[in-house]
Amino acid sequence: MEKPDFYEEIKDYCLRYHPFIAEDEEELTARAHMAQDTFDRCKENGMNYDYAKHEANLVLYDGLNFSLYEMIEDIIDEKHLKLTGLDKMAKHMCILLKPIVDKYEINDDFGGTVEYDYLRKELDEQITAYIRKTGLDQF
């Protein structure tokens, strides 16, 4: 079955910033179809390509502007550990740290807020403790 036009775009984005969503073909396909429908509707209503693309992207990326995975990956990277599999560790930490993250109301406007800074600090402390506990800082 042929994938909608926006499918590869959302798949690539999610592989980088939302790896758990990237594994959900139904979610990716649904987002791509909704974005395509929005794009087509805008074009049918006489909107130019750039406007139609912009509106489609709002639908395609709705709720995905903040990436916990990227935040965790950045925190781990800042530790300058000499290990392979940073992506696997970041995914593992996403699961381990979910109870902390669930305390925050995360939305597309979360980045740059005071709560964002609090979450980042809290995650940094937990990741540092995990690294020390597991001896990953010894490599």
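# A guided walk through the structure

Let's start with phenylalanine 20, which is partly exposed, with a relative accessible area of 36%. Here, "buried" means under 20% relative accessible area, "exposed" means over 50%, and "partly exposed" is anything in between (worked out with a 1.4 Å probe and protein chains only). Before we go on, you should know that this is a predicted model, in which local features need pLDDT of at least 70 and side-chain atom pairs count only at pLDDT 80 or more, while totals for chains, interfaces and linings use all residues. Residues are numbered from 1 along each chain as its sequence is written, and side-chain values use heavy atoms, with hydrogens and water left out.

Back to phenylalanine 20, which sits in helix α2. Helices here are DSSP runs (H or I, at least four residues), and strands are too (E, at least two), numbered from the N terminus. What does phenylalanine 20 touch, leaving aside its neighbours within four places in sequence? It is in contact (heavy atoms within 4.5 Å) with Lys91, Cys94 and Ile95. You can also look from phenylalanine 20 over to arginine 31: they are 11 residues apart along the chain, and their C-alpha atoms are separated by 15 Å.

Arginine 31 takes us to helix α3, since Arg31 is one of the buried residues of that helix, along with Leu28, Thr29, Ala32, Ala35, Gln36, Thr38, Phe39 and Cys42. What do those buried residues pack against? They pack against α1 (7-17), α2 (19-22) and α4 (49-60). Helix α3 runs through residues 25-44, which makes 20 residues, and it reaches 28 Å from its first C-alpha to its last, close to the 28 Å expected at 1.5 Å a residue. (The expected span is 1.5 Å times one less than the number of residues.) After α3 comes glycine 46, with a positive phi near 85 degrees.

Time for a short stop at the cysteines. A disulfide is a covalent bond between the sulfur atoms of two cysteines. In this model a disulfide would be a pair of cysteine sulfur atoms within 2.5 Å, and how many does the structure hold? It holds zero. Cysteine 94, for one, is in no disulfide, and its nearest cysteine sulfur, that of cysteine 14, is 13 Å away. Cysteine 94 is also buried, at a relative accessible area of 9%, and cysteine 42 is buried as well, at 11%.

Next, find alanine 90 in helix α6. Is alanine 90 buried or exposed? It's buried, with a relative accessible area of 0%. Setting aside neighbours within four places in sequence, its contacts are Tyr69, Ile72, Glu73 and Ile76. Glutamate 70 lies 20 residues from alanine 90 in sequence, and their C-alpha atoms are 8.2 Å apart in space.

Just before α6, in the loop that links it to α5 (68-78), you'll find histidine 80. Most residues other than glycine have a negative phi. Histidine 80 isn't a glycine, yet its phi is positive, about 55 degrees. At 64% relative accessibility, it counts as exposed.

Now follow α6 (residues 86-96) to where it packs with α8 (residues 114-134), at an angle of about 115 degrees and with the axes 12 Å apart. (Axes are lines fitted to C-alpha atoms, for helices over the stretch in contact, and angles run from 0 to 180 degrees between N-to-C directions.) Which residues make this contact? From α6 come Met89, His92, Met93 and Leu96, and from α8 come Ile127, Tyr130 and Ile131.

Helix α8 itself has 21 residues and reaches 30 Å between its first and last C-alpha, close to the 30 Å expected at 1.5 Å a residue. Its buried residues are Leu119, Glu122, Leu123, Ile127, Thr128 and Ile131, and what covers them includes α5, α6 and α7 (98-101). Take a closer look at glutamate 122, which counts as buried at 19% relative accessibility. Not counting residues up to four places away in sequence, glutamate 122 touches Ile100, Lys103 and Tyr104. Our walk ends just past α8, at glycine 135, whose phi is positive, near 75 degrees.

Key
Disulfide = S-S within 2.5 Å.
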